[in-house]
Amino acid sequence: LPTESARARWLKEAFLEVGVGALVPADETGGVWNEMLVKFNRIVPFSTITAVCRSGIGFVIEEPKAKALLLQVLKEGIAVSKAHGGILKDSFEDDYIASLSNLKKDAVASLTRDMVASRPSELHEQLGAMLRLADEKSVSAPAIAFAYAALLPQENAARAKMQALASPATSAVTVFLSHSERRLVVAAVVGCIVGLVVARRR
């Protein structure tokens, strides 16, 4: 994938024009696609282990068997990313575990919070997407596949409940509360900034 398209350059210039820092990763770091893979490998193991264990990450790391499952999920994600051309540091695994150790002991992923509250989550967009990437390159990911299968019944039940209860007047609010609120807020802010820049250039 191209690391800096004309569209990416235009967007970067738009952000810089209004005083917002922006950077398009260079070729030597693997580009935008690699940054996405790295971020994905930070999100999926955290979501997977806290959702399956229904426990804060600090308690997971303290329990050897749970930590072993976390490491297996992480190794599978790394293998998938490398199969798709990802460039991850040799120290990625150790650095990742160290970063999790610095979180609050009861910290869980937003996906886990949604599941605990019986709300639709990003199970398909996270674990499901990782498995689709694995299938594309014939990479074995048994731990992720197990977690996905184990969490699917609850995800299906939450989505069925939402569809049964939601009316046209409340569905938009329900969806907003059920998914990554932070991502939506960031998208809205970015949209406002870009819109402002476009308006100023006309």
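These legends go with four close-up views of a predicted model.

**View 1. Helix α4 meets helix α8.** Here we're zoomed in on α4, which covers residues 64–83, and α8, which covers residues 142–165. Their axes come within 8 Å and cross at roughly 115 degrees, so the two helices are roughly perpendicular to each other. On the α4 side, look for L69, Q72, V73, E76 and G77; their partners in α8 are P142, A143 and I144. Sort the residues of this contact by character and you get five nonpolar, two polar and one charged.

**View 2. Helix α4 again, this time with helix α5.** Helix α5 spans 92–101. The axes of α4 and α5 come within 11 Å, with a crossing angle of roughly 135 degrees. That angle makes α4 oblique to α5, and the crossing is right-handed. From α4, the residues to pick out are K67, L70, L71, L74, K75 and I78. They meet F92, E93, Y96, I97 and L100 in α5. By character, the residues of this contact split into eight nonpolar, no polar and three charged.

**View 3. H84, in the loop between α4 and α5.** Is this histidine, H84, buried or exposed? With 14% relative accessibility, H84 counts as buried, because the cut-off for buried is under 20%. A polar atom of the H84 side chain sits 2.8 Å from the backbone oxygen of L133. Leaving out residues up to four places away in sequence, H84 touches W33, L37, L133, E136 and K137. So L133 turns up twice in this view: as one of the residues H84 touches, and as the owner of that backbone oxygen.

**View 4. L123, a buried residue of helix α7.** Helix α7 runs over residues 123–136, and L123 is part of it. How much relative accessible area does L123 have? The value is 0%, so L123 is buried. Which residues is L123 in contact with, once neighbours within four places in sequence are set aside? The list is L111, M115, G128, Y148, L151, L152 and E155. For a sense of scale, check A147 too: A147 and L123 are 24 residues apart along the chain, and their C-alpha atoms are separated by 9.9 Å.

Methods: Residues are numbered from 1 along each chain as its sequence is written. This is a predicted model: local features need pLDDT of at least 70, side-chain atom pairs count only at pLDDT 80 or more; totals for chains, interfaces and linings use all residues. Side-chain values use heavy atoms; hydrogens and water are left out. Axes are lines fitted to C-alpha atoms, for helices over the stretch in contact, and angles run from 0 to 180 degrees between N-to-C directions. Helices (H or I, at least four residues) and strands (E, at least two) are DSSP runs, numbered from the N terminus. Angles under 35 degrees count as roughly parallel, over 145 as roughly antiparallel, 65 to 115 as roughly perpendicular and the rest as oblique. Contact means heavy atoms within 4.5 Å. Ala, Val, Leu, Ile, Met, Phe, Trp, Tyr, Cys and Pro count as nonpolar, Asp, Glu, Lys and Arg as charged, and the others, Gly among them, as polar. Buried means under 20% relative accessible area, exposed over 50%, partly exposed in between (1.4 Å probe, protein chains only). A polar contact is a pair of N or O atoms within 3.5 Å; within protein, one must be able to donate a hydrogen and the other to accept it, and residues adjacent in sequence count only if both atoms are side-chain atoms. A crossing is left-handed if the near helix is turned anticlockwise from the far one by less than a right angle, and right-handed if clockwise.
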